[in-house]
Structure formats: C-alpha cells, structure tokens
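Thanks, everyone, for making the time this morning. I would like to walk you through one model, with the cut-offs stated as we go, and then take your comments.

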Amino acid sequence: MSSIITGEAVVLELRPASFAARALGLLVDAALNIVLLVASLIGLAAAGEDLDEAAARALTLASVVFCLVIIPVAVETLSRGRSLGKLATGLRVVRDDGGAIRFRHAVIRGLTGFLEIYLTFGGVALTVALFNDRSRRLGDLLAGTYAVRTRVPVEQPVPVFVPPRLRAWAAAADIGRIPDATVRRASQFIRQAGRMAPLSRAGMAASIATELSAHVAPPPPPGTSPDDYLAAVVAERRSRELARLTQARRRNTEIGERLQRLPFGS
C-alpha cells in the first residue's frame with residue numbers, strides 16, 4: 001500500500017495493482033479491441049467491394065486507429081480511468097498524486113499503448129511493468145499514471161478495551177490533552193499490531209507508549225506491557241470523549257426545549 005498526501009493534507013491509502021492483475025486486465029482489453037477491429041474490417045470488406053485500393057487502405061488504417069487508439073482513449077477518459085478489462089479485474093488508472101486521469105493522460109497512454117501493446121504484441125508493456133514497483137507500463141511512465149486496486153477487502157474493526165487489570169488505574173488516571181498525531185499512531189498500531197513482526201511490534205509499542213506517558217498520570221502499575229498500556233489509554237480516552245459528547249448533546253437538547261417553552265412574542 002502506498003500513502004499519498006494531497007494538497008489539502010489528506011492522506012490517501014492506495015494499493016497499486018499487481019503485475020498479474022494488470023496483465024489480465026490488459027489481455028481482456030486487447031482481446032476486446034481486436035475483436036472489434038476484426039468485426040469492423042469484415043464489415044468494411046463486405047461493404048467496400050467497389051472501393052479502389054487506395055480508399056480501402058485508408059479505411060483500413062482509419063479502422064485500426066479508431067479501434068485500437070480512439071476507443072481506448074475515449075473509454076478511459078469518460079470512465080475516469082476504467083475500462084472493461086479493469087472493471088473485470090477490479091482496477092482503475094489514477095494519476096501519480098492519486099487523482100482521476102484526464103484526457104491528456106488517456107491520450108498519452110493510448111498512443112503509447114498502440115506501440116507497446118499491439119505492435120510488439122505486449123512485449124514492451126510486460127517487460128517495462130516487470131521492472132518497476134507499481135507494475136507500470138511505458139504509457140504510465142510517460143503519462144504519470146499507475147493502476148490501483150478498487151476491490152479492497154474491508155478490514156474488520158479491532159475491538160479496543162481496557163484490560164481488566166488496568167480498569168481501576170484507567171478510571172482514576174489523569175489523561176491530558178494528547179496530540180492528535182500521537183492518538184492516530186496509537187490507534188493505527190492497535191489495528192495493525194496483529195500483522196506486525198514481533199520485534200517491530202514491541203519497538204513501536206514502546207515508542208508510542210513513551211509519547212503517551214507525557215500526557216498521562218500516574219504511571220501504570222508495574223509490569224504493564226506497552227500493548228496493554230496503549231489499549232487502556234486509547235479505550236479510556238474514547239470512553240471519556242463519548243461521555244463528554246453525550247452530556248453536551250443532552251445539555252443542548254435541554255436548552256433547546258427550554259427556549260421553545262419561552263413565551264416569545266407575547
């Protein structure tokens with residue numbers, strides 16, 4: 001997964017497409033375009049028996065350009081990076097900054113694709129895609145685009161609760177104003193801890209626990225592991241924030257009801 005920070009300071013988590021998925025999508029798109037080209041040439045041959053050789057060649061060339069360049073460019077532009085092959089494989093083409101592609105990106109990809117996909121039977125596209133980290137073909141490199149996965153499994157929420165042995169300490173602890181960045185790091189660690197290597201997990205847990213300790217007093221009971229400490233602080237902070245918001249909402253509701261009962265205009 002790659003993280004992109006937009007101009008609005010929003011972090012986008014995008015998963016680049018694998019080489020196999022890109023190759024399958026490319027094969028589907030190429031097969032459909034070739035089928036369309038063959039159908040158009042058959043129709044042209046049936047309807048153009050009276051055409052001279054020069055006209056037939058011009059119409060044939062126009063059919064090739066229309067089916068292998070213009071149609072792919074139009075489809076990617078109108079669908080903002082999708083095609084039938086990408087729909088089938090759950091992919092989408094985006095810019096390097098994570099935004100939707102535009103006409104100029106589709107044109108560069110389409111013109112380059114004619115060379116690297118059809119004239120070389122996909123050899124250039126597959127070779128280039130093998131030697132970069134996002135499986136980008138030559139057209140992607142020139143246009144500044146790459147393919148991402150759109151069918152990402154939904155992660156199940158990880159329950160966060162105060163460990164039983166820390167409930168009394170957490171209830172009496174003074175939890176100050178913890179920086180939002182530290183809270184996000186702690187929450188992300190709790191969600192991803194199960195997939196981390198033991199050594200990395202222990203080191204990150206200790207680092208985040210040290211940051212939290214500057215805003216929490218008193219220290220936890222001796223022998224508390226950093227993982228339990230993080231879970232206790234995050235869960236207790238969440239419970240207090242929820243209680244505060246609930247109380248504020250109830251207070252606002254009561255004020256509104258009182259205002260409605262006042263005899264305004266009498």
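I will begin with how the model was treated, then go through salt bridges, a strand pair, one threonine and a surface patch.

This is a predicted model, so local features need pLDDT of at least 70 and side-chain atom pairs count only at pLDDT 80 or more, while totals for chains, interfaces and linings use all residues. Residues are numbered from 1 along each chain as its sequence is written, and side-chain values use heavy atoms, with hydrogens and water left out.

Let me start with charge. Side chains of opposite charge can pair when their charged atoms come close. With a salt bridge defined as a side-chain nitrogen of Lys or Arg within 4 Å of a carboxyl oxygen of Asp or Glu, a search of the whole structure returns 14 of them. One of these joins Arg 109 to Asp 140, where the closest N and O atoms are 2.3 Å apart. Arg 109 belongs to helix α4 (residues 103–119) and Asp 140 to helix α6 (residues 138–143), so this pair ties together parts that are 31 residues apart in sequence; helices here are DSSP runs of H or I with at least four residues, strands are runs of E with at least two, and both are numbered from the N terminus.

Are these two partners buried or exposed? I call a residue buried under 20% relative accessible area, exposed over 50%, and partly exposed in between, using a 1.4 Å probe and protein chains only. Arg 109 is buried, at 2%, and Asp 140 is buried as well, at 0%. Both also take part in a network of salt bridges that links them with Arg 22, Asp 29, Glu 76 and Lys 86.

Now take a salt bridge within one helix, between the side chains of Arg 244 and Glu 241, at 2.8 Å from N to O. Both residues lie in helix α10 (residues 226–261), three residues apart, which is about one turn of the helix. Arg 244 is partly exposed, with a relative accessible area of 47%, and Glu 241 is partly exposed too, at 31%.

A further salt bridge connects Asp 97 and Arg 95, with the closest N and O atoms 3.1 Å apart. Here Asp 97 counts as partly exposed at 40% relative accessibility, whereas Arg 95 counts as buried at 19%.

That brings me to the strands. Strand β3 (residues 91–95) runs antiparallel to β4 and is joined to it by five bridges, where pairing requires that DSSP finds at least two bridges between the strands. Within this pair, Val 94 stands opposite Tyr 146 of β4. Four of the five residues of β4 (residues 145–149) are buried, so this strand is largely enclosed by the rest of the structure.

Next, Thr 182, which lies in helix α8 (residues 180–192) and counts as buried at 7% relative accessibility. Leaving aside its neighbours within four places in sequence, Thr 182 is in contact, meaning heavy atoms within 4.5 Å, with Glu 211 and Leu 212. The C-alpha atoms of Thr 182 and Leu 212 are separated by 7.3 Å, although these residues are 30 apart along the chain.

Finally, the surface: Leu 61, which is part of helix α2 (residues 53–79), is exposed, with a relative accessible area of 55%. I will stop there and take questions.
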